[in-house]
Amino acid sequence: MSVRHERSGPVDRRARVQGRPVDTCPALPPEAERGSVRRVTVVGEEVLSRPCREVTEFGTPELSALIDDMFVTMQVADGAGLAANQVGVDLRLFVYDCPDDDGIRHVGHIINPVLDLPDPGARRLVDDFEGCLSVPGAGMAVPRTDRAVARGLDKDGNALVIEGTGYFARCLQHETDHLAGRTYLDRLSRRDRKDALRQMEDRREEVFAQRAIKAARLGR
């Protein structure tokens, strides 16, 4: 998912890492410091259009390395979230570094997530701008509920419950969609989908160039 500007908000503004408040959180998370940039898949590639497989092995070096690589790839692409199939890996896993509408930063990963949304009677849908790193250069308004809870596991198999409001709730829904083989384009009307694909065609090379510049700045 593409990042957007956050707005200021009240109360405890400490960043949340894996759902828990922390006193400090570096601009470049430790995972991104360790990782290597991978190619981001683009809409139309088959890996993006099928449900991902459950992760069954935890605590492995391979899983840790994948998460590290996803973090730095997300950073280079100026993303707020990234699913494993967006780097060509068919697993139910996503990473995120995303603000909510109160300006609180949320950083972490979640494996085999199950999304809980408010009941229809209590649900508030918000039409807001949404982009996707696999639809480079495009953005459209997409209706999403303003609250979401993702329940899953961390890389060591420990249970996680990640609560999101506002833009972070949108991120949780967007990334969970990816793991089911859907992009935000699938939630658009036919006309809006065509508009988004035109935007991508017009802007994708510029986006790729910007990513290469940022990767070079990070020494990747």
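**A walk along helix α4 and its surroundings**

Helix α4 has a kink of about 55°, centred on R203; the bend at a residue is taken as the angle between axes fitted to the seven residues ending there and the seven starting there. Helices (H or I, at least four residues) and strands (E, at least two) are DSSP runs, numbered from the N terminus. Before going on, please keep in mind that this is a predicted model, in which local features need pLDDT of at least 70 and side-chain atom pairs count only at pLDDT 80 or more, while totals for chains, interfaces and linings use all residues. Residues are numbered from 1 along each chain as its sequence is written, and side-chain values use heavy atoms, leaving out hydrogens and water.

What span should the 28 residues of α4 have at 1.5 Å a residue? The expected value is 40 Å, and the end C-alpha atoms are 39 Å apart, which agrees; the rule is 1.5 Å times one less than the number of residues. Following α4 comes G219, with a positive phi near 70°.

Now look at the buried residues of this helix: A196, Q199, M200, R204, V207, R211 and A215. Buried means under 20% relative accessible area, exposed over 50%, and partly exposed in between (1.4 Å probe, protein chains only). The buried residues of α4 pack against α2 (61-76) and β7 (139-145).

R211, in helix α4, deserves a pause. This residue is buried yet has no salt bridge, and the nearest side chain of opposite charge, D78, is 7.6 Å away. A salt bridge here needs a side-chain nitrogen of Lys or Arg within 4 Å of a carboxyl oxygen of Asp or Glu; Lys and Arg count as positive and Asp and Glu as negative, with His and the chain ends not counted. Apart from neighbours within four places in sequence, R211 is in contact (heavy atoms within 4.5 Å) with V40, V76, A77, L133 and P136.

Step back to the loop between α3 (166-179) and α4 (190-217), and you find A180. A180 is partly exposed, at 28% relative accessible area. Beyond its neighbours within four places in sequence, A180 touches R50 and P51 through contacts.

Finally, turn to the rings. The whole structure holds two aromatic pairs, where rings of Phe, Tyr and Trp (its six-membered ring) pair if their centres lie within 6.5 Å, and planes under 30 degrees apart count as stacked, over 60 as edge-to-face and the rest as tilted. The ring centres of Y96 and F168 are 5.1 Å apart and their planes stand at 50°, so this pair is tilted. The pair joins distant parts of the chain, with Y96 in strand β4 (residues 93-99) and F168 in helix α3, 72 residues apart. Both Y96 and F168 are buried, and ring pairs link F94, Y96 and F168 into a cluster.
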